[in-house]
Amino acid sequence: MTRSDLVTLLTERFPQIPQRDIEFAVKTLLDAMSDALARGHRIEIRGFGSFSVSRRPPRMGRNPRTGEQVPIPEKRVPHFKAGKALREAVEHLGQTSPSAD
């Protein structure tokens with residue numbers, strides 16, 4: 001689902017709210033989440049999951065073309081952990097839908 005898909009879904013579900021207000025609300029929410037993660041904060045949405053920032057320590061990598069060792073610096077990366085309700089909902093949907101094999 002993209003941001004515009006989310007706006008469309010919310011516009012259909014709440015027709016009394018103008019689309020530009022919904023777009024503004026979605027943008028504001030996502031911007032606030034991005035800013036909080038950039039500052040190193042943790043975000044928890046009950047029943048959905050939590051977002052945090054993980055640290056990847058520096059390490060030695062390898063240039064695949066030359067085989068030369070290359071130092072890779074430390075990184076901070078966003079991490080999402082699904083909440084119990086979301087995991088159970090996904091599990092339940094996976095059991096009721098036909099296999100993709």
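Aspartate 31 counts as partly exposed, because its relative accessibility is 30%, and in this predicted model aspartate 31 forms a salt bridge with lysine 27, the closest N and O atoms being 2.6 Å apart. Both residues belong to helix H2 (residues 19-38), where they stand 4 residues apart, about one turn of the helix. The protein chain around them has 3 helices and 5 strands, and its radius of gyration is 20 Å, whereas a compact globule of 101 residues would have one near 13 Å.

**The chain as a whole**

- Read from the N terminus on, the elements of the protein chain follow the order α-α-β-β-β-β-β-α, which adds up to 3 helices and 5 strands.
- Taken along the principal axes, the C-alpha atoms of the protein chain fill a box of roughly 60 × 40 × 30 Å.
- Of the 101 residues of the protein chain, 14% count as buried, and the chain exposes about 8600 Å², of which carbon and sulfur atoms supply 56%.
- When contacts in the protein chain between residues at least 6 apart in sequence are considered, 31% of them join residues at least 24 apart.

**Charges and salt bridges**

- The protein chain carries 17 positive and 12 negative side chains, and the centres of these two sets lie 8 Å apart.
- The structure holds 5 salt bridges, and one of them is the pairing of aspartate 31 with lysine 27, a lysine that counts as partly exposed because its relative accessibility is 42%.
- Another salt bridge joins arginine 20 to aspartate 21, with 3.8 Å between the closest N and O atoms; arginine 20 counts as exposed because its relative accessibility is 61%, while aspartate 21, at 36%, counts as partly exposed.
- The side chains of arginine 42 and glutamate 44 also meet in a salt bridge, at 3.0 Å from N to O, and Arg42, Glu44 and Arg46 are linked in a network of salt bridges.
- Within that network, arginine 42 counts as exposed because its relative accessibility of 54% is over the 50% cut-off, whereas glutamate 44, at 41%, counts as partly exposed.

**Two serines in unlike settings**

- Serine 52 is placed in strand E2 (residues 49-56), and it counts as buried because its relative accessible area of 19% is under the 20% cut-off.
- Leaving aside neighbours within four places in sequence, serine 52 is in contact with Leu37, Arg42, Val77, Pro78 and His79; Arg42 in this list is also the partner of glutamate 44 in a salt bridge.
- Serine 34 lies in helix H2, the helix that also holds aspartate 31 and lysine 27, and serine 34 counts as partly exposed because its relative accessibility is 46%.
- From C-alpha to C-alpha, serine 34 and arginine 20 are 21 Å apart in space, with their positions 14 residues apart in sequence.

**Isoleucine 72 and its surroundings**

- Isoleucine 72 lies in strand E4 (residues 69-72), and it counts as partly exposed because its relative accessible area is 25%, which is between the cut-offs of 20% and 50%.
- Not counting residues up to four places away in sequence, isoleucine 72 touches Pro58, Arg59 and Gly61.
- For isoleucine 72 and glycine 61, a separation of 11 residues in sequence goes with a C-alpha to C-alpha distance of 6.2 Å in space.

**Arginine 87 in helix H3**

- Arginine 87 lies in helix H3 (residues 84-96), and it counts as partly exposed because its relative accessibility is 46%.
- The C-alpha atoms of arginine 87 and aspartate 35 are separated by 26 Å, and the two residues are 52 residues apart along the chain.

Technical notes
Residues are numbered from 1 along each chain as its sequence is written. This is a predicted model: local features need pLDDT of at least 70, side-chain atom pairs count only at pLDDT 80 or more; totals for chains, interfaces and linings use all residues. Side-chain values use heavy atoms; hydrogens and water are left out. Helices (H or I, at least four residues) and strands (E, at least two) are DSSP runs, numbered from the N terminus. The radius of gyration is taken over C-alpha atoms; the globule rule is 2.2 Å times the number of residues to the power 0.38. Buried means under 20% relative accessible area, exposed over 50%, partly exposed in between (1.4 Å probe, protein chains only). Contact means heavy atoms within 4.5 Å. Accessible areas come from the Shrake-Rupley method with a 1.4 Å probe; for residues, only the protein chains shown count as cover. Lys and Arg count as positive and Asp and Glu as negative; His and the chain ends are not counted. The place of a charge is taken as NZ of Lys, CZ of Arg, CG of Asp or CD of Glu. A salt bridge is a side-chain nitrogen of Lys or Arg within 4 Å of a carboxyl oxygen of Asp or Glu.
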